[in-house]
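Work through the exercises below with the sequence and the model at hand. Each task is followed by a solution in steps.

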Amino acid sequence: MSTYNFKKISTVPASKDFVDIILSRTQRRTPTVIHKNYKISRIRRFYMRKVKFTQQNFHDKLTTILTEFPKLADLHPFYADLLNTLYNKDHYKLSLGQLNIARHLIDKVASDYTKLLKYGDSLYRCKMLKRAAMGRMVTVMKKQGPPLKYLEEVRQHLSRLPSIDPNTRTLLLCGCPNAGKSSFMNLITRAEVEVQPYAFTTKSLYVGHTDYEYLRWQVIDTPGVLDRPFDEMNTIELQAITALAHIRAAVIFFLDTSEKCGVPLDQQLCIYKSIKPLFANKPLIVVCNKVDIINLEQLGKESPEKRELVAELERDHVPVRQMSTITHEGVMDVKKEACDSLLGMRVELKMRSRKAESILNRVHVAMPAARDNKKRKPFIPANILKALENKKNAMETESTDKPRKKLEKDLEEELGDDYSLDLKKYKDLMVDEWKYDKIPELWNGFNVADFIDPDIFMKLEELEKDEEEREKNGFYKPDIKEQDEATRKIHQLALKIREKIKINWINRQLDRPGKKAVMSRVTPKRARERSVSRLRNEFSELGVDMSDVKGTHFTRTRSNSRGPPLKRARVRSEAMTRSYSRGPSRDVSGVRDEEMANKMKKLGRKAQKERNFAGKKGEGDRHIYDLKPKHLFSGKRGLGKTGRR
């Protein structure tokens, strides 16, 4: 059978949103400009394309909805019955059927109007046919408002349903309301089902998973069931009945012997008898819960009649177990017994199948037969037996003499919320009281970190002795040599050059504009900072002889100040001058005079007019050539409607 992932069903839009989505897509994906000057075949194709595009979008969207929603015939009977319980399968089928009819109607409308558009004789008639076609499609979709709204609600509810596998290993919990089903499920699985002290806390099916014998098991918690006929049950109770009817699982029926759930024990057993036909061919365990309040022995002493009701189940060979979800007594035993019984039944069913027979026919299992009644014990050497006995005795003496050391896990379970992890207690110090002392950073004016090294004073003394010896030997004295006058001047000049370089660098940093424009538009023109006199002074200070500078670049000046070059006036001559070395261009070659040249240009423009008309912009270009077309704005307004405008 097909399996469905209900969470992948796409959203179903409302009818108005549906129409808006399709029409806006048609407007965006198809050309929008057409002219009466175009050929009639081109005008027909323009409007036929719009009608077909709209129809295809409606068709695709409706097909997606119809295919994504599950078909009841293809579903597992459990899911089909659950859908019928929650949403009424007749209403569900009718909604999908109406959308299917709407899809066929839209296809028929598009087909009819496409045929009519083939015979449209003007732009206006084609436009009206397109408008009528799209209007009928939109009308059909607007009538689908209720089915679309219903299917969206179904989709939202389906996406919230738990993922239940009807064919896997399953434990099914059922019983009257507030009997302890959800508490049991929270104990054996990682699910977190709400538990409250009132009835019908669980209003739908909940699924959890647990592990047993290296296998994954599915646990389903069903809502409580009351003692009344199936016809009078509400939707919450019918979900439990649906799960019991269609899922092959180990059923655990809960009884509240303390009657704290608000339902007497005899009514609980009536509920059991009313749904007993649903337990056929399934492993069944009856669990008497809340034995921390009253168990079966105490029940027999206080009210023998109620104990006799439970004894009837035992006489029918129904296993009855006691359990408490508060003290966890018997919880794991119930889980183990239910899982073992279901595993045994599944293995038995597989052994009855033809597939098992075909496998057994190919496998020979040899069963050795006893040759006599003599018992033969396994041989174990004496030294091995002695070693095992010594090890067992040593373990017994250790367990009696030395108590087991408490671990952090044991302390956490013992203290509960008061537990806090303490790592300082494991420090190995001379005095145990020092474990929780705070280490200061400063003590008596000294840094504690300086005293971590015990040999630091000895190392410091050695270092000081080495320094004294170096000073005595003149290690740190500079090597002073006598310098002549020329060398001293060179050093002074170099010092001045370094200072000048540093000053220039600082000035550049100060003048740097940062992220602003290099030359602001509003700042005035900067005065010229460099001059010949300044250059002479700076180089003289640096020791350069500036007396003989004749012929140098900075002494040259422009003798004549010339203005901007004058433009030569263009003189248009009608005849070609002889100064040109090239021949005349092709557009004037063979032309007698200017009159003949103008006539040729006029003929060329006339010949180009037809090509210009053929090269007009197409309908894909969003350009309105005529803002007020004459056929819409000419003539006087008469009485009547103005809708045609």
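**Exercise 1. Aromatic pairs**

Task: In this predicted model, state which residues ring pairs link into a cluster with Phe78, and classify the pair of phenylalanine 6 and tyrosine 79.

Solution.
- Step 1. The cluster linked by ring pairs consists of Phe6, Phe78 and Tyr79. A search of the whole structure gives 10 aromatic pairs.
- Step 2. For phenylalanine 6 and tyrosine 79, the centres are 5.5 Å apart and the planes are at 80°. Planes over 60 degrees apart count as edge-to-face, and this pair is edge-to-face.
- Step 3. Phenylalanine 6 belongs to the segment before helix H1 (15-29), while tyrosine 79 is in helix H3 (residues 77-87). With their positions 73 residues apart in the numbering, the pair links distant parts of the chain.
- Step 4. Phenylalanine 6 has a relative accessible area of 9%, so it is buried. Tyrosine 79 is also buried, because its relative accessible area is 13%; the cut-off is under 20%.

Task: Classify the pair of phenylalanine 253 and phenylalanine 279, and place both residues along the chain.

Solution.
- Step 1. The ring centres of phenylalanine 253 and phenylalanine 279 are 6.4 Å apart and the planes are at 65°, so the pair is edge-to-face.
- Step 2. Phenylalanine 253 is in strand S4 (residues 250-256), and phenylalanine 279 is in the loop between helix H9 (265-274) and strand S5 (284-289). They are 26 residues apart, and the pair links distant parts of the chain.
- Step 3. Both phenylalanine 253 and phenylalanine 279 are buried.

**Exercise 2. The pairing of strand S3**

Task: Describe how S3 pairs with S1 and with S2, and state how much of S3 is buried.

Solution.
- Step 1. Strand S1 (residues 170-175) pairs with S3 in the parallel sense, over four bridges. Leucine 173 has aspartate 221 in S3 as its bridge partner.
- Step 2. Strand S2 (residues 206-212) runs antiparallel to S3 and is joined to it by seven bridges. Glycine 208 is bridged to valine 219 in S3.
- Step 3. Two residues lie between the strands in the hairpin of S2 and S3, where glutamate 213 has a positive phi near 55°.
- Step 4. S3 (residues 215-221) is mostly covered, with five of its seven residues buried.

**Exercise 3. Positive phi in loops**

Task: Locate asparagine 88 and asparagine 178, and state whether each is buried, partly exposed or exposed.

Solution.
- Step 1. Asparagine 88 is in the loop between H3 and helix H4 (89-117). Its phi is positive, about 70°, although asparagine 88 is not a glycine.
- Step 2. Asparagine 178 is in the loop between S1 and helix H7 (181-188), with a positive phi near 60°.
- Step 3. Asparagine 88 is partly exposed because its relative accessibility is 39%. Asparagine 178, at 22%, is therefore partly exposed too.

**Exercise 4. A covered and a partly exposed side chain**

Task: Assign methionine 141 and valine 363 to an exposure class.

Solution.
- Step 1. Methionine 141 is in helix H5 (residues 123-142). Its relative accessibility is 0%, so methionine 141 is buried.
- Step 2. Valine 363 is in the loop between helix H13 (354-362) and helix H14 (382-401). A relative accessible area of 46% makes valine 363 partly exposed.
- Step 3. Valine 363 joins Ile359, Val365 and Met367 in a nonpolar surface patch with about 420 Å² of accessible area together.

Conventions:
Residues are numbered from 1 along each chain as its sequence is written. Side-chain values use heavy atoms; hydrogens and water are left out. Buried means under 20% relative accessible area, exposed over 50%, partly exposed in between (1.4 Å probe, protein chains only). Two strands pair if DSSP finds at least two bridges between them. Rings of Phe, Tyr and Trp (its six-membered ring) pair if their centres lie within 6.5 Å; planes under 30 degrees apart count as stacked, over 60 as edge-to-face and the rest as tilted. Patches are made of residues with over 30% relative accessible area and no salt bridge: like charges are joined within 9 Å, nonpolar side chains (Val, Leu, Ile, Met, Phe, Trp, Tyr) within 5 Å. Accessible areas come from the Shrake-Rupley method with a 1.4 Å probe; for residues, only the protein chains shown count as cover. A salt bridge is a side-chain nitrogen of Lys or Arg within 4 Å of a carboxyl oxygen of Asp or Glu.
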